[in-house]
Amino acid sequence: MILAAGYLMSYGLRAINATIAPELSRELSLSNTSLGTLTSAYFIGFAAMQVPLGVFLDRFGPRRVNATLLTLAAASCAVIAVADRLETLWVARLVMGVGFAAGLMAPFAMFRIWFAADQQMRLAAWVLMFGTFGVMVATAPVRLVLPTLGWRGVFAACAVLLLLIAAAMWFGLPRAREPDGSARPSFLQSLAGYGDILSNPFFWRMVMLSAAMQGTFISLQTLWLGPWFVRVLGYTPERAGEALFVFNAMLLVAYLVNGLIAPRLAKTLAATIRTVAFAVPISVTILLLIAAMPQVAGLWGWLVIAVLTTVYTPVQARVAMAFPARMGGRALTAFNLVVFSSVIVIQSLVGLLVDGLIAAGRPQVDAFRISFGVLALLQFVAWLRFITWRRVREPGVITAR
């Protein structure tokens, strides 16, 4: 629960800009490009931290690493609460991304150490469910308190909560099975272990489709879905917050169900691949429908996408289990690095496309629709590559470094 609380805060603050975008844009006079760049700063810090994070998780254990980083995230929230310049906010969002780099990877690494293989996917789905609850809190509930606290007050409160969670994590989590300091390889030796992971074709087959699908989903969930509701569907900011709440509530329920059935649906690698290969074309078709007929698709199309996105949960767990436990942290963070690098690109790309199309004379609604259609096309290309990839086996036995 303590680890899940850290991830809840991570995901909530990752997505909060989708809810407070109207206030941010108005107070700081942000364009779509600036809003996308500001929000993506989180993911730049997050992605940049993944390589050293994997080494730290394997060398020092998830308890110490995550508690330390959450303290840094608390400091970034405190800075955001008082910042009055876009540049300061950008740097603080960058530091926040560093502080939350272990938000999901620390629980996954802890599961890899403490629980049997047949429990990994269920635990992964359920911790993602907790994260989704954080996104829900960042939607309608945040809009309810904005008139009282303002967006700065929200970040100040988050700074205090994060310090409390970090303390509970440091003192409350079990210390057994943490890496023995006397047996640790050097940092460079640990870093070299990434070579075995990044040179493995199984890793790349599994991660590339996730980069396209999850990268798009996270980009929309954490930023562009809010502006879509307001600028394309004509919702008020309050109604958009309610729609985001419903969207993330559906995602939460889907993760809960996924945790119950994942051990069966993804019992083998072949079953995982079949499930993903079946779900992606449906998700792409729905996204195309949303882009082509936004008023017809309305909210229900996004709810379908929310359900379908949970089928990717077993993929990262499958990659982690394919490598020795001593390399689990590095396998997880290598996967995360690729996925969140795609989030940076996609989140900024949407802003650039929308502003570019508007500058070329297209109406704002059409600019958003075309940009989302481009994302659907990118997903379809990634899916084609996934299903035509030559068969590769899970790594099996790899020398742990």
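**Internal cavities, a pocket and a buried helix**

The second largest cavity is lined by 15 residues, and those nearest its centre are Met213, Phe217, Ser283, Ile305 and Gln379. Two or more lining residues are given to this second largest cavity by each of α9, α11 (269–292) and α13. Helix α9 makes the greatest contribution to the lining of the second largest cavity, with 6 residues. The volume of the second largest cavity is about 120 Å³. By class, 10 residues of its lining are nonpolar and 5 are polar, while none is charged. These values, like those that follow, were computed from a predicted model.

Helix α13 also merits description in its own right. This helix spans residues 300–309, and 7 of its 10 residues are buried, so α13 is largely enclosed by the rest of the structure. The buried residues of α13 are Gly301, Trp302, Leu303, Ile305, Ala306, Leu308 and Thr309. One of them, Ile305, is among the residues nearest the centre of the second largest cavity.

In total, 6 cavities of 30 Å³ or more were counted. The largest cavity holds about 230 Å³ of space. Its lining consists of 18 residues, and Leu104, Leu128, Gln214, Ile218 and Gln316 lie nearest the centre. At least two residues of the lining of the largest cavity are supplied by each of α1, α9 (201–232), α14 (313–321) and α15 (328–359). The largest share of this lining comes from α15, which provides 4 residues. The lining of the largest cavity comprises 12 nonpolar residues, 5 polar residues and 1 charged residue. Helix α9 thus appears in the description of two cavities, as it supplies at least two lining residues to the largest cavity and 6 residues to the second largest cavity.

Pockets were examined in addition to cavities. The second largest pocket has a volume of about 270 Å³. A total of 16 residues line this pocket, and Val137, Val142, Val154, Cys158 and Leu161 are those nearest its centre. At least two lining residues of the second largest pocket come from each of α1 (2–28), α6 (120–137) and α7 (140–172). Of these helices, α7 gives the most to the lining, with 8 residues. The lining of the second largest pocket contains 14 nonpolar and 2 polar residues, and no charged residue is found there. Helix α1 contributes at least two residues to the lining of this pocket and at least two to that of the largest cavity.

Notes. Residues numbered from 1 in each chain as written. Predicted model: local features only at pLDDT ≥ 70, side-chain atom pairs only at ≥ 80, totals over all residues. Heavy atoms only, no water. 1 Å grid on protein atoms, 1.4 Å probe; cavity = no way out; pocket = protein on both sides within 12 Å on 5 of 7 lines; lining within 4 Å. Points joined across faces, edges and corners; volume = space filled by probe spheres on them. Nonpolar A, V, L, I, M, F, W, Y, C, P; charged D, E, K, R; others polar. Buried < 20%, exposed > 50% of the residue type's maximum accessible area, 1.4 Å probe, protein only.
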